[in-house]
Amino acid sequence: MPDFAWRAIDGKGREVKGQIAAADESAAKRVLTDRKLHVLALTPGKAASPGLFAAWQRGKALSAKELALFTRQLATLSEVAPLEESLRTLMRQSEGEAPRRIIGTVHAGLVEGRPLADAMGREAKSFPPLYRAMVAAGEQTGALAPILARLAQLLERQAEVRGKLIAALAYPVVLALVAIGVVAALMIFVVPRVVEQFEDTGAQLPFLTRAVIGLSEFLANWWWALLLLLTLMVAGAGQLLRKPAIRGRFDAALLRLPLLGRLLRDLNAARFARTLATMVGSSLPVVDGLRLTVPTVRNQALASATATLVEQVRAGGSLSAGLRDAGVFPPLLVYMTASGESAGRLEVMLERAADYLEQEFDRFTAASMALLEPVIIVIMGSCVALIILSILLPILQLQSLTGL
């Protein structure tokens, strides 16, 4: 899409200028007129090249929080105002430059006569295929506002689950980092200074003391090598996990872990069920809903099972039978799906399954984090106790040799 440099007079009589992307000159003028600007000049391809920050803003997409807020606001405004006016209002009210630009691009496409889903396709990074498919279904059925409300509810629920997970992990992670930092500081800075006091005694130091001294010297001299090795290992693991075959085996192995595997399975299954329920409630066919759900599943083993499920349902099989045959979905989801199919209430039962799985996830996470915190404290205390004991043992040994 070409860029146009423009110069105009705003509503307060001030001369303003900027740059706009539009299909042609007339489309650019329409967009500027809708912004209550009186166009003085419109020059294609003559704008100054943007700086680094502007280029970064241009490539930036809506965050999950911004997308949820935009969807909720658009659903509310579209009930009382035309869609074009709703988008123009949201564009003016947006505080950030990137959201304003993205909404402006969608608004320009709508002004050109495109459907809303097609206009959102211009900003594919911000509006994924699943989102656009549901918007298209709403436009075709004349129920855009209710479907946007369902989409907003889905995005808000996903953000809530992410927030709970981050909040649950924040304290244990910080506690673990502090514990590692404290132990490392004792080993690198404190132990060598204390050990210097025993070098002139000539006595054989206890084994624990010698072991702690050796570890302290190693960390003090080679900490940079350990840090470099850890960085290389993380980078190498990241590169390996980019390969689909290795990522699939890794994700499948995660699902087989005793506790973490069940947690990841339930979390992904809840996301799958809620997303599919939202699409079924938006009048999308189950096959299309499943196909669009595949990219939203983060675990590759579950995503592969979902892709296989698409083919089974397309061939005439039932959704519950496909879930059962996959062998990686929670039995609760299989049972609730079968009940929904037999009762003709698939959307409702999928929503309930997602609720139950998320509640189980919340309970499991709360219990796990409650146990993890004292475990970290005990491990840290044990390490500090060993360091202190390694220092006290030579002192006690010297006292016994001197008869004090």
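These legends describe close-up views of a predicted model.

**View 1. A nonpolar patch on the surface.**
Nine side chains are shown here: Leu 215, Phe 218, Trp 222, Trp 223, Trp 224, Leu 226, Leu 227, Leu 228 and Leu 232. Together they make a nonpolar surface patch of about 940 Å². Trp 222, one of the patch residues, sits in helix α9, which spans residues 207-241. Its relative accessible area is 44%. Trp 222 is therefore partly exposed, since that class runs from 20% to 50%.

**View 2. Ala 211 beside Ser 390.**
Ala 211 belongs to helix α9. Along the chain, Ala 211 and Ser 390 are 179 residues apart. In space, 8.6 Å separates their C-alpha atoms. Ala 211 has a relative accessibility of 38% and so counts as partly exposed.

**View 3. The largest cavity.**
The structure holds one cavity of 30 Å³ or more. The largest cavity encloses about 50 Å³ of space. Its lining consists of Leu 259, Arg 262, Leu 263, Asp 266, Glu 360, Phe 361 and Phe 364. Two elements give two or more residues each to this lining: α11 (260-281) and α16 (346-402). By type, the lining residues are four nonpolar and three charged, with no polar ones.

**View 4. Asp 266 and its salt-bridge partner.**
Asp 266, one of the residues lining the largest cavity, forms a salt bridge with Arg 265. The closest N and O atoms of this pair are 3.4 Å apart. How accessible is Asp 266? Its relative accessible area is 5%, so Asp 266 is buried. Arg 265 is partly exposed, at 24% relative accessibility.

**View 5. The second largest pocket.**
About 620 Å³ of space lies in the second largest pocket. The pocket has 28 lining residues. Nearest its centre lie Leu 165, Leu 264, Leu 267, Asn 268 and Arg 298. Elements giving two or more residues to the lining are α8 (144-195), α10 (244-255), α11 and α16. Which of them gives the largest share? Helix α11 does, with nine residues. The lining as a whole divides into 14 nonpolar, six polar and eight charged residues.

**View 6. Arg 157 paired with Glu 358.**
Side chains of opposite charge can pair when their charged atoms come close. The count for this structure comes to 17 salt bridges. One of them joins Arg 157 to Glu 358, with the closest N and O atoms 2.5 Å apart. Arg 157 is in helix α8 and Glu 358 in helix α16, so this pair ties together parts that are 201 residues apart in sequence. Both Arg 157 and Glu 358 are buried.

**View 7. Arg 274 paired with Asp 355.**
A salt bridge links the side chains of Arg 274 and Asp 355, at 2.6 Å from N to O. Arg 274 lies in helix α11 and Asp 355 in helix α16, so the bridge ties together parts 81 residues apart in sequence. Arg 274 is buried, with a relative accessible area of 8%. Asp 355 counts as partly exposed, at 30%.

**View 8. The salt-bridge network.**
Which residues are linked in a network of salt bridges? They are Arg 157, Glu 160, Arg 274, Glu 351, Asp 355 and Glu 358. The network includes the Arg 157 and Glu 358 pair. It also includes the Arg 274 and Asp 355 pair.

Notes:
Residues are numbered from 1 along each chain as its sequence is written. This is a predicted model: local features need pLDDT of at least 70, side-chain atom pairs count only at pLDDT 80 or more; totals for chains, interfaces and linings use all residues. Side-chain values use heavy atoms; hydrogens and water are left out. Patches are made of residues with over 30% relative accessible area and no salt bridge: like charges are joined within 9 Å, nonpolar side chains (Val, Leu, Ile, Met, Phe, Trp, Tyr) within 5 Å. Accessible areas come from the Shrake-Rupley method with a 1.4 Å probe; for residues, only the protein chains shown count as cover. A salt bridge is a side-chain nitrogen of Lys or Arg within 4 Å of a carboxyl oxygen of Asp or Glu. Helices (H or I, at least four residues) and strands (E, at least two) are DSSP runs, numbered from the N terminus. Buried means under 20% relative accessible area, exposed over 50%, partly exposed in between (1.4 Å probe, protein chains only). On a 1 Å grid over the protein atoms alone, a cavity is a set of points where a 1.4 Å probe fits but cannot get out, and a pocket is an open set with protein on both sides within 12 Å along at least five of seven lines; lining residues have an atom within 4 Å of a point. Grid points are joined across faces, edges and corners, and a volume is the space filled by probe spheres set on the points. Ala, Val, Leu, Ile, Met, Phe, Trp, Tyr, Cys and Pro count as nonpolar, Asp, Glu, Lys and Arg as charged, and the others, Gly among them, as polar.
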